[in-house]
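Here are some worked exercises for you to try with the model open in your viewer. Read each task, have a go yourself, and then follow the solution step by step.

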Amino acid sequence: MPARVETRQPRGLLLFALLPSIITSTPLLHAVQSDDADALASLLGGSSPPHLEQTCENGFTPLHWAVRMGSETLTRLLLHAGAARRTAGPLGYTALHMASA
């Protein structure tokens with residue numbers, strides 16, 4: 001008789017950690033997910049800066065990604081550009097929740 005394996009549904013931040021590492025849908029998200037501070041600064045300083053609250057396919061903002069990746073540089077660039085600190089992702093977590101987890 002085969003061994004029985006129990007699985008649990010991931011919850012909270014663990015689910016975010018299990019998402020594919022690169023889920024790109026816009027140049028802004030690509031710059032953040034690629035940890036490319038120069039590209040991000042260029043996008044943010046352009047003549048038509050991108051919408052900072054746009055989300056990836058899973059509902060996370062560039063600020064969520066920057067915090068998840070532990071990039072202080074990207075986080076500071078996004079906050080300085082006006083990224084909303086209180087925007088919740090699909091699981092109800094803000095970037096601050098994620099940074100303190």
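**Exercise 1. Leaving aside neighbours within four places in sequence, find which residues T75 is in contact with, and decide whether T75 is buried or exposed.**

Keep in mind as you work that this is a predicted model.

Step 1. Place the residue: T75 sits in helix α5.

Step 2. Set aside everything within four places in sequence; the contacts of T75 are then L63, A66 and V67.

Step 3. Check the accessibility. The cut-off for buried is under 20% relative accessible area. T75 has 15%, so T75 counts as buried.

**Exercise 2. Name the residues that line the largest pocket, and find which helix gives the most to this lining.**

Step 1. Start with the space itself: the largest pocket holds about 170 Å³.

Step 2. List the lining. T75 from the first exercise is part of it, together with L63, V67, L79, R85, R86, T94, A95, L96 and A99.

Step 3. Sort by element. Two or more lining residues come from each of α4, α5 and α6. The top contributor is α6, with 3 residues.

Step 4. Sort by class: 6 lining residues are nonpolar, 2 are polar and 2 are charged.

**Exercise 3. T94 is a lining residue of the largest pocket. Work out where T94 is placed and what surrounds it.**

Step 1. T94 belongs to the loop between α5 and α6.

Step 2. Look up the accessibility: T94 has a value of 12%, and therefore counts as buried.

Step 3. Without the neighbours within four places in sequence, T94 has contacts with H64, R85, R86, T87 and A88. Two of these names, R85 and R86, also appear in the pocket lining.

**Exercise 4. Find how many salt bridges the model has, and say where the partners lie.**

Step 1. The nitrogen of Lys or Arg must be within 4 Å of a carboxyl oxygen of Asp or Glu. The count by this rule is 1 salt bridge.

Step 2. Identify the pair: R76 and E72, whose closest N and O atoms are 2.9 Å apart.

Step 3. Both partners are in helix α5, which covers residues 72-81, and they are 4 residues apart, about one turn of the helix.

Step 4. Test the exposure. R76 has 54% relative accessibility and so counts as exposed. E72, at 53%, is exposed as well.

**Exercise 5. Which members of the largest nonpolar core touch the most other members, and which residues does L40 touch?**

Step 1. The core has 18 residues, and those touching the most other members are V32, L40, L44, L52, L63, W65 and L78.

Step 2. Trace the core back to its elements: two or more residues come from each of α2 (27-33), α3 (37-44), α4 (62-68), α5 and α6 (95-100).

Step 3. Zoom in on L40. Not counting residues up to four places away in sequence, L40 touches L28, A31, V32, L74, L77 and L78.

Step 4. For a distance check, use H30 in helix α2. H30 and L40 are 10 residues apart along the chain, and their C-alpha atoms are separated by 8.9 Å. With 41% relative accessible area, H30 is partly exposed.

**Exercise 6. Describe D35: where does it lie, what is its phi, and which residues is it in contact with?**

Step 1. D35 lies in the loop between α2 and α3.

Step 2. Its phi is near 55°, a positive value in a residue other than glycine.

Step 3. Beyond the neighbours within four places in sequence, D35 has contacts with M69, S71 and L74.

Step 4. A C-alpha distance of 8.0 Å separates D35 from A66, 31 residues apart along the chain. With 48% relative accessibility, D35 counts as partly exposed.

**Exercise 7. Now step back to the whole chain: how many helices and strands does it have, and what share of its residues is buried?**

Step 1. Count the elements: there are 6 helices and 0 strands, in the order α-α-α-α-α-α from the N terminus.

Step 2. Of the 101 residues in the chain, 32% are buried.

Step 3. Take the contacts with a separation of 6 or more: 64% of them join residues 24 or more positions apart.

Notes:
Residues are numbered from 1 along each chain as its sequence is written. This is a predicted model: local features need pLDDT of at least 70, side-chain atom pairs count only at pLDDT 80 or more; totals for chains, interfaces and linings use all residues. Side-chain values use heavy atoms; hydrogens and water are left out. A salt bridge is a side-chain nitrogen of Lys or Arg within 4 Å of a carboxyl oxygen of Asp or Glu. Buried means under 20% relative accessible area, exposed over 50%, partly exposed in between (1.4 Å probe, protein chains only). A nonpolar core is a set of buried Ala, Val, Leu, Ile, Met, Phe, Trp, Tyr and Cys residues joined through side-chain atoms within 4.5 Å. Contact means heavy atoms within 4.5 Å. On a 1 Å grid over the protein atoms alone, a cavity is a set of points where a 1.4 Å probe fits but cannot get out, and a pocket is an open set with protein on both sides within 12 Å along at least five of seven lines; lining residues have an atom within 4 Å of a point. Grid points are joined across faces, edges and corners, and a volume is the space filled by probe spheres set on the points. Ala, Val, Leu, Ile, Met, Phe, Trp, Tyr, Cys and Pro count as nonpolar, Asp, Glu, Lys and Arg as charged, and the others, Gly among them, as polar.
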